[in-house]
There are 4 protein chains.
Amino acid sequence: MKSLGTFLQSGDWKGEKHVPVIHAPENAKKGEEIEIKVLVGEEIKHPNTLEHHISWIKVFFHPEGSKFPIEIGNYNFSAHGEGEIYEEPEIAIKVKLDKPGSIHALSYCNIHGLWENSVEIKVED
Amino acid sequence: MKSLGTFLQSGDWKGEKHVPVIHAPENAKKGEEIEIKVLVGEEIKHPNTLEHHISWIKVFFHPEGSKFPIEIGNYNFSAHGEGEIYEEPEIAIKVKLDKPGSIHALSYCNIHGLWENSVEIKVED
Amino acid sequence: MKSLGTFLQSGDWKGEKHVPVIHAPENAKKGEEIEIKVLVGEEIKHPNTLEHHISWIKVFFHPEGSKFPIEIGNYNFSAHGEGEIYEEPEIAIKVKLDKPGSIHALSYCNIHGLWENSVEIKVED
Amino acid sequence: MKSLGTFLQSGDWKGEKHVPVIHAPENAKKGEEIEIKVLVGEEIKHPNTLEHHISWIKVFFHPEGSKFPIEIGNYNFSAHGEGEIYEEPEIAIKVKLDKPGSIHALSYCNIHGLWENSVEIKVED
Ligand SMILES: [Fe+3]
Ligand SMILES: [Fe+3]
Ligand SMILES: [Fe+3]
Ligand SMILES: [Fe+3]
């Protein structure tokens, strides 16, 4: 079986426009509400047309030492020019974490497939 | 046929915790990137547990005079306590509009059903 | 406030291609697994292109006498010609119900907005 | 960067209840409508409760020799006991393919994370 994992592309978002960018604090307190911003195209804009666009971003949290990632949320960007309305592939969300771990973003371009990125976050009592 | 429209609940979000709150500028320039924030529970927090939570918010734009609303995006809040991780039912997004119209938010509580709100936005050349 | 309910279009699916068609049994036993098929375009095909397509169908159940509809599921049709791959706006699902009520389908065309339909289902012990 | 790919679990669905099962024809004609059924729990049922359930299944197609997988659809199972309504983690969909390749299913348990499976499909003129 070929794993979908072999199709997860990554790289430096400053040079590759598809790579999702994650802005999260490096440190958080346990149970504190923190803001996380995830977007595609911070440095180099990605096209946003009916033919070619970023469809969605998923965000996961992987608690350090756990076997399983937990999905934080799924965000579909639906307007790519219908009636001259455009949604940018960018969201700011709020989460509360209990343990240190890593935030993972997975995004999908309808032409160029799956892209990912992750950042570490320290969570203290 | 009973319309789903008969189940769309609304009210004053300062008194009813389920009503989605929309923060959008009253005026925008055509094609300008604007931020819209949509959340449930600004004044009175809604529960966020596996048994009872806000599952998603959808955002639409209805261009003035048009027959059809256009979906801007769909946002699923997935973490309601799994591994002590919680996502708040709140998102900030970026959109570009072409015409004046109304922003509509539709949200879903897994116990208390569908809720909506809308705000007008003026868009000028 | 203008309600999204005013934008929910319906009609006879034999004459209007956007109206979702619901195939469900008229009678079910309490807790029995039943199949429900929901689709757009049974009689008249809807376009399926990057520019114009059915994006999603949501299915709800409204238990008779309840104040709130419950979401059964949400189905996004993602392939509209990317790499010559097309997904038809059609799904068959399995549900268990406890009470009589109505099944509601809500579908979205990226150009022609929101459409709905519903059927009654009797559920007996 | 830790890749999400390292969290994609798989195995034999006859022994491990989380592994998505894919029923697709081994051969298809180019552009022909084919049915694909994807489910979790064919042999061993997975729990379906508010606390522990299969949230969604995503289906992708990877055309042989292509760099990118294409998302066919995303299916959220929303009812896990609300009002004694349950949706089974199972869908049947219809697709048209142009080339041979592999169908990939990715599913998510809110407790046990991400699981995947794939099957090959031959597509001829
Ligand atoms: Fe791209
Ligand atoms: Fe509620
Ligand atoms: Fe249409
Ligand atoms: Fe599980």
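User: How are the donor residues of the iron ion (ligand 2) spaced in sequence?

Analyst: They follow H-x27-H-x5-H-x56-C-x2-H. Two of the donors, B:H18 and B:H52, link distant parts of the chain: B:H18 is in the segment before β1 (20-23) of chain B, B:H52 is in the loop between β3 (33-40) and β4 (54-63), and they are 34 residues apart. Strands here are DSSP runs of E with at least two residues, numbered from the N terminus.

A word on the ground rules: this is a predicted model, where local features need pLDDT of at least 70, side-chain atom pairs count only at pLDDT 80 or more, and totals for chains, interfaces and linings use all residues. Residues are numbered from 1 along each chain as its sequence is written, chains are lettered from A and ligands numbered from 1 in the order in which they are written, and side-chain values use heavy atoms, with hydrogens and water left out.

User: What makes B:H18 and its partners donors of the iron ion (ligand 2)?

Analyst: A donor is an N, O or S atom within 2.8 Å of the metal (3.2 Å for Na, K and Ca), and sites may look incomplete because water is not among the atoms. B:H18 (NE2), B:H46 (NE2), B:H52 (NE2), B:C109 (SG) and B:H112 (ND1) lie 2.1 to 2.4 Å from the ion, so they qualify.

User: Which protein atoms are donors for the iron ion (ligand 4)?

Analyst: Those are D:H18 (NE2), D:H46 (NE2), D:H52 (NE2), D:C109 (SG) and D:H112 (ND1), at 2.1 to 2.4 Å. Of these, D:H18 sits in the segment before β1 (20-23) of chain D and D:H112 in the loop between β7 (101-109) and β8 (113-124), 94 residues apart.

User: How do you know whether D:H18 is buried or exposed?

Analyst: Buried means under 20% relative accessible area, exposed over 50%, and partly exposed in between (1.4 Å probe, protein chains only). D:H18 has 5%, so it counts as buried, while D:H112, at 21%, is partly exposed.

User: Why is the pair of D:W56 and D:Y108 called stacked or edge-to-face?

Analyst: Start with the rule: rings of Phe, Tyr and Trp (its six-membered ring) pair if their centres lie within 6.5 Å, and planes under 30 degrees apart count as stacked, over 60 as edge-to-face and the rest as tilted. There are 8 aromatic pairs over all chains. C:W56 and C:Y108 are one, 5.6 Å centre to centre with 20° between the planes, hence stacked. D:W56 and D:Y108 also form a stacked pair, with 5.6 Å and 20°. That pair joins strand β4 (residues 54-63) to strand β7 of chain D, 52 residues apart. Both rings' residues are buried, D:W56 at 2% and D:Y108 at 2%.

User: What makes B:K58 count as sitting over a ring?

Analyst: NZ of Lys or CZ of Arg must be within 6 Å of the ring centre and within 35 degrees of the ring normal. The charged end of B:K58 is 3.8 Å from the centre of the C:W56 ring, and sits over it. C:K58 lies over the face of B:W56, at 3.8 Å from the ring centre.

User: How much area do chain B and chain C bury between them?

Analyst: About 2700 Å², 66% of it on carbon and sulfur atoms. Buried area is the accessible area (1.4 Å probe) that two parts lose on being put together, summed over both. In chain B, B:M1, B:L4 and B:F68 lose the most area to chain C, together 22% of what that side buries.

Conventions:
Helix = DSSP H or I, 4+ residues; strand = E, 2+ residues; numbered from the N terminus.
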